[in-house]
Amino acid sequence: MKIFECPNCNAPVFFENTTCQYCNTNLGYNPLLEKFEIPNGSGANAAKYCANHHWGVCNWFVDTNSDYCIACSLNRIVPDRSQVDYFGKWQKLENAKHRLIYQLLKLKLPVKSKMIHDNGVAFDFLSENNDKKAVTGHAHGVVTIILNEADSVNREQIRKQMDEPYRTLIGHFRHEIGHYYWTLLFNDSNMESYRNLFGDERLDYGKALENHYKNGPPNGWHQNFISQYASSHPWEDWAETWAHYLHIMDTLQTANSFGVCFDPEAPYVQQLVVDRCVDPYITHDFQEIFKGSVALTCSSNSLNRSMGLPDIYPFVVPGKVVEKLTFIHNLLKTEIS
């Protein structure tokens with residue numbers, strides 16, 4: 001995520017800000033122009049907040065013909081706002097979802113509401129207290145996220161139970177939306193190229209997951225997959241790899257926005273880094289993006305370890321996964337060109 005600029009005093013503004021921390025001007029994000037603006041009056045050129053701004057869960061602007069911004073218009077089910085616990089979790093879900101939608105728009109991917117378009121996407125935010133069968137996942141364009149995933153303690157417990165190195169809200173959103181875009185990006189003309197890398201998705205999905213949870217990943221899984229779960233089925237391999245592609249693109253854009261550069265004196269450290277972190281959204285060569293990401297994650301992980309904290313990016317990316325990430329990058333560049 002890049003750093004934005006206050007239109008009033010030119011101070012830095014962060015993505016979730018609703019006011020400038022320097023001049024106290026009220027601000028909102030314009031997703032069409034990718035910048036922050038000052039809300040103003042009425043009329044054709046008015047900068048008007050999304051209706052969810054009233055609830056403190058959105059700082060985006062809408063056009064004069066809409067009540068909800070492009071991110072909030074995708075919501076199909078939201079939590080009961082009268083429940084204090086639910087409301088706090090919804091705020092966290094919206095923060096993660098808005099970051100996701102920002103990124104999808106940067107990648108020029110289609111973002112349409114399923115409530116209007118049959119092939120669009122919708123989000124259901126459900127509570128396990130109200131629906132015992134509710135699970136985080138994707139089905140037919142509907143992404144479901146369980147409210148308890150917004151509880152950091154609960155999420156950490158599940159992470160340990162599932163033996164996962166990483167589990168976050170933004171990770172869930174990026175993974176599940178990957179399943180949705182798989183249905184849009186692949187057809188008979190390019191399915192063979194997908195299967196050559198990820199495998200045959202016609203493999204029985206239910207049996208594959210059952211086998212994964214019963215027997216675990218295959219031996220040597222780390223040589224071909226980004227995570228254990230990715231090895232369970234080609235669909236999950238795609239979604240996991242897709243999520244990591246979005247991780248790489250977003251973190252590298254953040255580093256580029258801060259002007260992160262590396263200039264170590266030791267020759268052996270020079271082997272780990274690049275001169276500067278590029279803007280991944282205007283860089284065509286994925287190898288350049290990946291090298292910048294490796295430099296960034298190595299340095300960030302080392303800083304975290306210096307503070308006694310877990311790695312920010314606790315993954316080793318094997319060559320086969322780099323090939324898959326490159327495939328996604330080139331596919332998107334082809335689709336949007």
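## Exercises on fold and salt bridges

The chain folds into nine helices and ten strands. Keep in mind that this is a predicted model.

**Exercise 1. Work out how the chain's radius of gyration fits with that of a compact globule.**

Solution. Start with the chain length, which is 337 residues. For that length, a compact globule would come out near 20 Å. The chain itself has 21 Å, which agrees. To picture the outer dimensions, put the C-alpha atoms in a box along the principal axes: roughly 60 × 55 × 45 Å does it.

**Exercise 2. Find what share of the residues is buried, and what share of the contacts links residues 24 or more positions apart.**

Solution. Take burial to begin with: 47% of the 337 residues are buried. Now turn to contacts with a separation of 6 or more; 57% of them join residues 24 or more positions apart. As for the outside, the accessible surface is about 17,500 Å², and carbon and sulfur atoms hold 50% of it.

**Exercise 3. Say how far apart the mean positions of the positive and negative charges lie.**

Solution. Count the charges: there are 30 positive and 38 negative ones. Take the mean position of each set, and the two points turn out to be 2 Å apart.

**Exercise 4. Explain which parts of the chain the D124 and R76 pair ties together.**

Solution. Check the distance: the closest N and O atoms of D124 and R76 are 2.6 Å apart, and the pair forms a salt bridge. Next, place the partners. D124 sits in strand β8 (residues 122-126) and R76 in strand β7 (residues 75-77), so the bridge ties together parts that are 48 residues apart in sequence. Finally, look at the cover. D124 has 4% relative accessibility, so it counts as buried, while R76, at 47%, counts as partly exposed.

**Exercise 5. Sort the partners E164, R167, R305 and D311 into buried, partly exposed or exposed.**

Solution. Buried means under 20% relative accessible area and exposed means over 50%, with partly exposed in between. Go pair by pair:

- E164 and R167 form a salt bridge at 2.9 Å, N to O. E164 is partly exposed at 22%, and R167 is buried at 17%.
- R305 and D311 form a salt bridge with their closest N and O atoms 2.7 Å apart. R305 is exposed at 57%, and D311 is partly exposed at 22%.

**Exercise 6. State how many salt bridges the whole structure has, and name the residues linked in a network.**

Solution. A search of the whole structure turns up 14 salt bridges. For the network, look at R195, D200, E201 and R202, which salt bridges link together.

Methods. Residues numbered from 1 in each chain as written. Predicted model: local features only at pLDDT ≥ 70, side-chain atom pairs only at ≥ 80, totals over all residues. Heavy atoms only, no water. Helix = DSSP H or I, 4+ residues; strand = E, 2+ residues; numbered from the N terminus. Rg over C-alpha atoms; globule rule 2.2 N^0.38 Å. Buried < 20%, exposed > 50% of the residue type's maximum accessible area, 1.4 Å probe, protein only. Contact = heavy atoms within 4.5 Å. Areas by Shrake-Rupley, 256 points an atom, 1.4 Å probe, with all protein chains shown as cover. Lys, Arg positive; Asp, Glu negative; His and termini not counted. Charge placed at Lys NZ, Arg CZ, Asp CG, Glu CD. Salt bridge = Lys/Arg side-chain N within 4 Å of Asp/Glu carboxyl O.
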